[in-house]
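Biologist: I would like a close look at a single part of this model, set in the context of the rest of the chain. Please take care over how far each part can be read.

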Amino acid sequence: MADPHGEPGTVTGILANLRRAPRRLRRGSRDVIGAAVRQLFDAAARHPDAPNSGEYRVEELARLAATTTRNIRVYRDRGLLPAPLRVGRIALYNDTHLTRLRLITSMLDRGYTIAHVKEMLAAWENGKSLADVLGLESAIAGTWTTERPETMSRSAAEALIGNPAAFTRLVALEIIRVDGMTATITRPKLIAAFQEISDYGIDIETLIDLHEQIVPHLDAISDLLVRAGADHVLGRLNLGEALPADTEIADLITMLVRFRTQAVASVTATLASSIESTIESLVGSLLSDVLVPPHG
């Protein structure tokens, strides 16, 4: 029986084709290695088990936003959520829907009615008045965090980490907070990433070491970005002089509220590009060693 993983377009299929290429071609052409790297990453991206980031069915959207599919349909019917993309009979939502849904949920939790939420969302988008935007900004504040803490028993958290020394370090870093017999994971996505990477055999304490080295650099980047936004706002306000019109202040507040999303997007895109380039270079080097043994 043919190996399905060796079919054209799969990672192993691409490697098999490379091995069948003439030796002089493998040895002498950087283009061959470069093309192989691109093909491998394209194949990995098409893997059916790979998560489809930013594209959710209604059940997944509800789970990520900690709400129900019924609520999502109500919000759509009331005009709070834009319509999803239709692919045949499947409705697909994206990160914009997720962000707005979390905002709606946060505002409703704070006691706003659906009618108020709709009115304030419109005010936020249109800059109708300072008071409306300030009210919305306060409601948004609780949703800025990209992660929702997860609380469980201390024993469950210790079992989740599976390494007493690592657990102690994570508590010291406040990634896990302990209160008696209860533990709260403040960075569940980070812990999930640690666990997924550790499945490849990398010790979790090594990952914590990396985290400690990376955080100061990220803090420095955050400081640069936030200062840029703050300087822009302060420059527009002209402290010591009469304040500008409410609509102009509303625009500034709206800009700051949205600044985080755009800053994260720009840094994420740059970091992803840098990581991709570094990984491609590493994989290209590994392929060269595999395809052209040193003694050849």
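Over which residues does pLDDT stay under 50, and how many contacts beyond four places in sequence does the model have for them?

Modeller: The stretch is residues 137–144, where pLDDT (the predictor's confidence in each residue, from 0 to 100) stays under 50, and the model has 17 contacts (heavy atoms within 4.5 Å) beyond four places in sequence for these residues. Where pLDDT is low, the predicted coordinates should not be read in detail. This is a predicted model, in which local features need pLDDT of at least 70 and side-chain atom pairs count only at pLDDT 80 or more, whereas totals for chains, interfaces and linings use all residues. Residues are numbered from 1 along each chain as its sequence is written, and side-chain values use heavy atoms, with hydrogens and water left out.

For the protein chain as a whole, the pLDDT averages 75, and 62% of the residues score at least 70. Confidence is lowest in helix H8 (residues 130–141), with a mean of 46, and highest in helix H10 (residues 164–172), with 96; helices here are DSSP runs of H or I with at least four residues, and strands are runs of E with at least two, numbered from the N terminus. Residues 1–6 also have a pLDDT below 50, and that stretch has six contacts beyond near neighbours in sequence in the model. The chain contains 13 helices and five strands.

Helix H10 offers side-chain detail through Arg169, which forms a salt bridge (a side-chain nitrogen of Lys or Arg within 4 Å of a carboxyl oxygen of Asp or Glu) with Asp209, the closest N and O atoms being 2.7 Å apart. That pair links distant parts of the chain, with Asp209 in helix H12 and Arg169 in helix H10, 40 residues apart. Arg169 also forms a salt bridge with Glu212, where the closest N and O atoms are 2.8 Å apart, and this pair again joins helix H10 to helix H12, across 43 residues. Arg169, Glu205, Asp209 and Glu212 are linked in a network of salt bridges. Asp209 is partly exposed at a relative accessible area of 33%, and Glu212 is partly exposed at 36%, where buried means under 20% relative accessible area, exposed over 50% and partly exposed in between, with a 1.4 Å probe and protein chains only.
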